[in-house]
Amino acid sequence: TLSLMREIQFDAAFTFQYSVRPGTPASTMEDQISKDIVTERFSRLLELQNSHCYESNLRVVGNSEVILIEGSSETAPHILSGRTQSNCLVNFTLPDHMDLPDGTHLEEGVNVRGESLEGSLALVKITGARPYSLEGRLESFIYD
């Protein structure tokens with residue numbers, strides 16, 4: 001598995017530790033692998049995948065990406081989150097203030113009429129990378 005992951009270098013992967021599932025053929029096989037070995041192997045797999053995710057995210061720093069806004073942070077309303085077209089999570093900040101084309105003012109994830117930005121498209125400059133997400137700054141909204 002590690003060899004394959006090194007070769008393919010997935011941008012993201014959903015991985016799970018092996019565990020016995022009652023009623024499956026594997027549950028009755030002899031020589032089950034101990035929990036310690038399963039945990040150690042999974043840790044190596046996760047470490048490799050995390051490095052691939054981070055390297056992939058670093059490659060887009062400096063780019064501008066189209067983001068579908070999912071909402072604002074519950075703990076920091078000035079931070080919005082959304083996803084790129086390739087489903088990467090992006091947390092991004094707003095300019096100190098921004099006027100929308102209809103003249104309303106944008107601040108802390110809503111305009112002055114209290115409308116949510118969820119579902120809107122935005123162009124976001126990617127400014128930083130983490131293993132599971134990107135950071136950015138809003139450049140503009142995309143209007144049809």
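Ala, Val, Leu, Ile, Met, Phe, Trp, Tyr, Cys and Pro count here as nonpolar, Asp, Glu, Lys and Arg as charged, and the others, Gly among them, as polar. Keep that split at hand for the pockets. The model on screen is predicted.

**Stop 1: the second largest pocket.** Select Thr1, Tyr18, Val38, Arg41 and Phe42. Of the 13 lining residues, these lie closest to the pocket's centre. The space here is about 270 Å³. By class, the lining holds seven nonpolar, three polar and three charged residues. Now colour H2. This helix gives the most to the lining, with five residues.

**Stop 2: the largest pocket.** Stay on helix H2, residues 35–58. It also supplies the largest share of the lining of the largest pocket, six residues. Next, select Asp11, Ala12, Asn87, Cys88 and Tyr132. Among the 22 lining residues, these sit nearest the centre. The pocket's volume is about 570 Å³. Its lining counts 11 nonpolar, eight polar and three charged residues.

**Stop 3: the cysteines.** How many disulfides does a search of the whole structure find? Zero. Select Cys53 and show its sulfur. The nearest cysteine sulfur belongs to Cys88, 8.6 Å away, and Cys53 is in no disulfide. A disulfide needs the two sulfur atoms within 2.5 Å.

Is Cys53 buried or exposed? Its relative accessibility is 4%, so Cys53 counts as buried. Move to Cys88, one of the residues nearest the centre of the largest pocket. Cys88 counts as buried too, because its relative accessibility is 16%, and the cut-off for buried is under 20%.

Key. Residues are numbered from 1 along each chain as its sequence is written. This is a predicted model: local features need pLDDT of at least 70, side-chain atom pairs count only at pLDDT 80 or more; totals for chains, interfaces and linings use all residues. Side-chain values use heavy atoms; hydrogens and water are left out. Buried means under 20% relative accessible area, exposed over 50%, partly exposed in between (1.4 Å probe, protein chains only). On a 1 Å grid over the protein atoms alone, a cavity is a set of points where a 1.4 Å probe fits but cannot get out, and a pocket is an open set with protein on both sides within 12 Å along at least five of seven lines; lining residues have an atom within 4 Å of a point. Grid points are joined across faces, edges and corners, and a volume is the space filled by probe spheres set on the points. Helices (H or I, at least four residues) and strands (E, at least two) are DSSP runs, numbered from the N terminus.
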